[in-house]
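I set out to record what surrounds the bound ligand and how selected strands are placed. The entries follow in the order in which I looked things up.

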Amino acid sequence: MNPAPGSTGADTGHAVVLGSGISGLCAARVLADFYTRVTVVERDVFPEDGATRRGVPQGAHVHSLTSRGASTLEEFFPGIVAELAADGATVVNALTELDIVFFGSRLLRVPLGEVLQASRPFLEDRLRARVGAVPHIGFRPGMEAVAPVTRNATTVSGVRLARPGPAGSAEVLEADLVVDAMGRAGRGAAWLASLGYEKPAEDRLHVGVGYASRRYRIAPGAAGGDKGVLIGATPARPRGLVLTRQEHDTWVLSQYGFGKANHPPHAPEEFHRFAAELLPAALRDTLRHAEPLTEVAAFAYPASVRRNFHRLRRLPDGLVSIGDAVCSLNPIYGAGMTVAALEAAALRDCLAAGTDGLPRRFYRAAAKASYLSWLFSNLADRSLPYVPGTRPFLTGVLGQAFQATMRAAAVDPAVAAGVWNAVSLSGSPARLAGPRVMASVLRHGARRPRRPHRS
Ligand SMILES: Cc1cc2nc3c(=O)[nH]c(=O)nc-3n(C[C@H](O)[C@H](O)[C@H](O)COP(=O)(O)OP(=O)(O)OC[C@H]3O[C@@H](n4cnc5c(N)ncnc54)[C@H](O)[C@@H]3O)c2cc1C
């Protein structure tokens, strides 16, 4: 096997990352330890003021980072969590400062660690600064990746770039490795087909989720002691919301609904009325007096998609896809950035073993990295009767299982910890299937919840 790039001190070539979202930034940082030169190509021009950018429209909506996501970012960018917090991001004690209602029951408010909350542009801006500080990483903003370039039938050797727009100039960027981090619309799969390879089969679960979000300034203390409220959808109610404190006393309210008829409205008055049906009374009042900082932004998320690159028998050398381009999860479970970071860690570990057969080894490792999040979000979605495509019997069983577990998590600290570990990817979800938790779920699960989502 070829040695790991960078391990011999010789020139180890050029890696190109397409897209500078979370997966692109993490991948670039990882590649810098193996390649002499790394270039990040991004279609957008980076905004000066931390605004949401065109290529990442989801940036206007809540972007919570799980504890596992934060600890994985720390591996790439040591000290980043403390830096973000010092810069104004919100550190939240879970669950003493987080009010979480899942499947109709409130998670017991026991201390289970810390979580960092910030807006997506804020997080991306800080990560981009860290990546940009690495001397041999360069950015090419305002350039669009349009096609792969090949050396021979089995090797991708670069990428064709163009400036967006009708009169855009074109150029070829030679590379020893091209990483497609272009998000869920990523072209890696189509590029394989254009090179004569099979396209990866897709697992797709249609969820038809619509988001609407607005940012506010809320004076310190005006929202009470909590720094975040999450009220999830239930089998009987296809709607949910998240209200979290982000950086510098700004908050974001993101509401979502399954199916077009339940998508949240965009007109400010209706948006508030929609939220008022779910929010606890004190927060309804807080919101009424909050200063809006943005208009209401909308986002449609039709389906969770996993592209099974890891099952392909033939893959060209020199090209891998990462992040949402491989696995895009229903955002209501808040795991996409964590999975992107875990896949970048998988890329690092694969490169440490050399470059022979890199795409195949990487896709297998990436499939493992996303497996639990894919499984969890799919099972949760399939337990909701308004998500099409699952037999009613299975939906009923799953719905009862989730609701019973959450009823137990409302009263038993061990079950609350198990649920939190599963959701934040901070511990093994296998604990949820252990005898201690199962006994508690059987004991408490039959109880009917007492209207937990309103105070
Ligand atoms: C509404 C919503 C809410 C979400 N909330 C959360 C959350 O709370 N927590 C969480 O962890 N995750 C959340 N996610 C998921 C999260 O946004 C993604 O999983 C995560 O950003 C990883 O995506 P990525 O970096 O692979 O792609 P993206 O973030 O989509 O970035 C892709 C990048 O590629 C660029 N690009 C695209 N095409 C080209 C091209 N041809 N040439 C050059 N550049 C190109 C784009 O401009 C963009 O910068 C949410 C998603 C949505 C839709």
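Entry 1, pairing of strand 1. I note first that this is a predicted model. I looked up the partners of strand 1 and found 5 bridges to strand 2 (residues 37-42), with the two strands running parallel. Within this pairing, I recorded Thr39 of strand 2 as the bridge partner of Val16. I then followed the chain from strand 1 through helix 1 (residues 22-31) to strand 2, and this β-α-β crossover is right-handed. Strand 1 is also joined to strand 11 (residues 177-180), by 4 bridges and again in parallel. There I found Ala15 opposite Leu177 of strand 11.

Entry 2, burial of strand 1. I asked which way the side chains of strand 1 point. His14, Val16 and Leu18 point one way, Ala15 and Val17 point the other way, and all are buried. Since 5 of the 5 residues of strand 1 (residues 14-18) are buried, I noted the strand as largely enclosed by the rest of the structure.

Entry 3, the ligand. I listed the shell around the ligand and obtained 34 residues, the closest being Glu42, His63, Arg120, Asp324 and Met337. By class, I entered 13 nonpolar, 13 polar and 8 charged residues for this shell. I next looked up polar contacts made by oxygen atoms of the ligand. One such contact, at 2.6 Å, is with an N or O atom in the side chain of Glu42. Backbone contacts include one at 3.1 Å from an oxygen atom of the ligand to a polar atom of Ile22. I also recorded a ligand oxygen atom 3.3 Å from a polar backbone atom of Gly336. On its own the ligand has 1,000 Å² of accessible area, of which the protein covers 96%. The elements that contribute two or more residues to the shell are helix 1, strand 2, strand 8 (144-152) and helix 8 (336-352).

Entry 4, strand 3. I asked which residues of strand 3 (residues 90-93) are buried. Thr90 and Val92 point to one face and are buried, whereas Val91 and Asn93 point to the other face and are not. I set beside this the general rule that side chains in a regular strand alternate between the two faces of the sheet. Strand 3 pairs with strand 6 (residues 114-117) in the antiparallel sense, over 4 bridges. In that pairing, I found Gln117 of strand 6 opposite Thr90.

Conventions
Residues are numbered from 1 along each chain as its sequence is written. This is a predicted model: local features need pLDDT of at least 70, side-chain atom pairs count only at pLDDT 80 or more; totals for chains, interfaces and linings use all residues. Side-chain values use heavy atoms; hydrogens and water are left out. Buried means under 20% relative accessible area, exposed over 50%, partly exposed in between (1.4 Å probe, protein chains only). Two strands pair if DSSP finds at least two bridges between them. A crossover is right-handed if, with the strands pointing away from the viewer, the path from the first strand over the helix to the second runs clockwise. A residue is near a molecule or strand if one of its heavy atoms lies within 4 Å of it. A polar contact is a pair of N or O atoms within 3.5 Å; within protein, one must be able to donate a hydrogen and the other to accept it, and residues adjacent in sequence count only if both atoms are side-chain atoms. Accessible areas come from the Shrake-Rupley method with a 1.4 Å probe; for residues, only the protein chains shown count as cover. Ala, Val, Leu, Ile, Met, Phe, Trp, Tyr, Cys and Pro count as nonpolar, Asp, Glu, Lys and Arg as charged, and the others, Gly among them, as polar.
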